[in-house]
Structures are given as C-alpha cells and as structure tokens.
Amino acid sequence: IVIFITIAYFSKYILYFLNNPDDVRTFVTSFGFFGPVVLILMQILQVLFAPIPGQIAGFVSGYIYGVFWGTAYTMIGATIGSYIAITLARKFGRPFVEKVVDKNTLKKFDKIAQDKGVFALFLIWLLPALPDDAVCYISGLTNIKMKTLMIIVFLGRLPGFIVLNMIGDGVAVASSTISFIIFCSNNLSFV
C-alpha cells in the first residue's frame with residue numbers, strides 16, 4: 001500500500017519520464033552492468049501501475065540491448081509483474097481489484113474473463129491496444145490455474161514485445177525505415 005501511495009504521489013513525474021524514451025535510455029544505461037535489472041524492474045512496475053506505458057520499456061530495451069536480449073529482459077519483467085498482479089488479486093480479492101482497475105475496464109473484461117476464459121485472455125494479451133495489464137488483476141479473480149495464466153501471459157505478450165524490441169533495435173542501427181514499416185504493419189494488422 002505504501003508503494004501504491006508513493007507511486008500515486010509521484011505519478012506525474014514518473015509518467016513524464018516514461019513517456020520520453022531518450023530519458024529512459026539515459027537512465028537505464030547510467031546503471032552500466034545493472035541496466036538490465038533496472039529495465040526489468042521498470043517493466044514490473046509498468047505492469048503493476050497500468051497508466052505507465054509499456055511500449056516505452058519494450059522500445060528502449062530493443063534500442064539498448066537489441067532484439068534478443070531486449071525481448072528477454074522485457075519478458076522477464078512483464079512475466080514477473082503479471083504474476084505479482086494476479087497474486088495480489090487472488091490474495092486481496094475483488095475489493096482490491098476494484099481499487100486498482102478502472103470501473104469500466106473491470107466491468108467489461110471481468111465478464112469476458114469469466115465467460116470466455118483462457119482463449120479470450122490469451123487474445124487480450126496478444127492484441128495491441130487492449131488493457132492487458134489491468135486484465136492481469138482481473139484474471140486473478142478467475143478460477144484459472146496460475147500455471148495456465150502464466151503460460152498464456154507469456155505466449156500472448158511475447159509477439160508484441162518482439163515487435164517493440166525490433167523497432168527499438170531498428171532505430172538503434174539507424175534503420176528507421178524498417179522500424180516504421182514494422183510498426184505500421186503491426187498496428188494495421190489489428191485494424
């Protein structure tokens with residue numbers, strides 16, 4: 001609870017920082033050898049505090065560490081963050097989830113998670129522009145086994161993080177045209 005209050009208090013500054021990829025890159029690389037750990041922690045926080053944009057960490061990780069390692073670091077963070085969100089929801093129940101998830105999002109996706117189950121949750125984590133971090137909390141209210149949830153979280157999020165890291169890596173090697181094409185094709189494929 002103390003962490004939530006602290007994050008809420010500093011959210012304006014955190015959101016500014018995380019919406020500026022160059023600042024994030026500078027921050028992460030300033031930790032040298034421990035940069036990947038910082039990136040993983042940022043990704044964990046991004047999952048737990050949904051207003052933080054997840055695309056920034058994925059882009060920056062590819063920019064700094066390349067597609068393979070960038071994807072590995074963001075997936076580690078996203079998987080750990082998802083596990084924590086699901087566990088918090090299971091431990092503290094619906095009253096907690098109602099406090100951390102937007103009312104409309106909870107109403108809409110709670111019904112989907114309860115009625116449609118595993119496949120619907122997989123699609124939510126797979127498709128861009130859906131509130132996949134909030135759905136981590138909502139999925140914690142289901143009876144789906146933790147192992148199953150973690151598998152679909154991992155498999156659902158992986159393609160998006162690969163693409164984000166490819167874009168970041170493309171920018172790092174000054175191949176902005178390729179990055180732009182990948183970005184557009186990824187987003188147009190879901191329209």
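The following is a short conversation about a predicted model and the terms used to describe it.

Visitor: What kind of model is this, and how are residues numbered?

Guide: It is a predicted model, where local features need pLDDT of at least 70, side-chain atom pairs count only at pLDDT 80 or more, and totals for chains, interfaces and linings use all residues. Residues are numbered from 1 along each chain as its sequence is written, and side-chain values use heavy atoms, with hydrogens and water left out.

Visitor: How many helices and strands are there in the protein?

Guide: The protein has nine helices and zero strands. Both are DSSP runs numbered from the N terminus: helices are H or I over at least four residues, strands E over at least two.

Visitor: Why is V135 called buried?

Guide: Buried means under 20% relative accessible area, exposed means over 50%, and partly exposed lies in between (1.4 Å probe, protein chains only). V135 has 1% relative accessibility, so V135 counts as buried. Buried residues make up 42% of the 191 residues in the protein.

Visitor: Where is V135, and which residues is V135 in contact with, leaving aside neighbours within four places in sequence?

Guide: V135 is found in helix α7. With those neighbours left aside, V135 is in contact with F109, L121, I124 and W125, where contact means heavy atoms within 4.5 Å. The C-alpha atoms of V135 and I124 are separated by 7.9 Å, and the two residues are eleven apart along the chain.

Visitor: What makes α5 oblique to α7?

Guide: The axes of α5 and α7 cross at roughly 60 degrees and come within 10 Å. That angle makes α5 oblique to α7. Angles under 35 degrees count as roughly parallel, over 145 as roughly antiparallel, 65 to 115 as roughly perpendicular, and the rest as oblique. The axes are lines fitted to C-alpha atoms, for helices over the stretch in contact, and angles run from 0 to 180 degrees between N-to-C directions.

Visitor: Which residues make the contact between α5 and α7?

Guide: From α5 come T105, L106, F109, D110 and A113, and from α7 come A134, V135 and I138.

Visitor: What is the largest nonpolar core?

Guide: A nonpolar core is a set of buried Ala, Val, Leu, Ile, Met, Phe, Trp, Tyr and Cys residues joined through side-chain atoms within 4.5 Å. The largest one has 40 residues, and I138 is among those with the most contacts inside it. Helix α4 gives the largest share of this core, ten residues.
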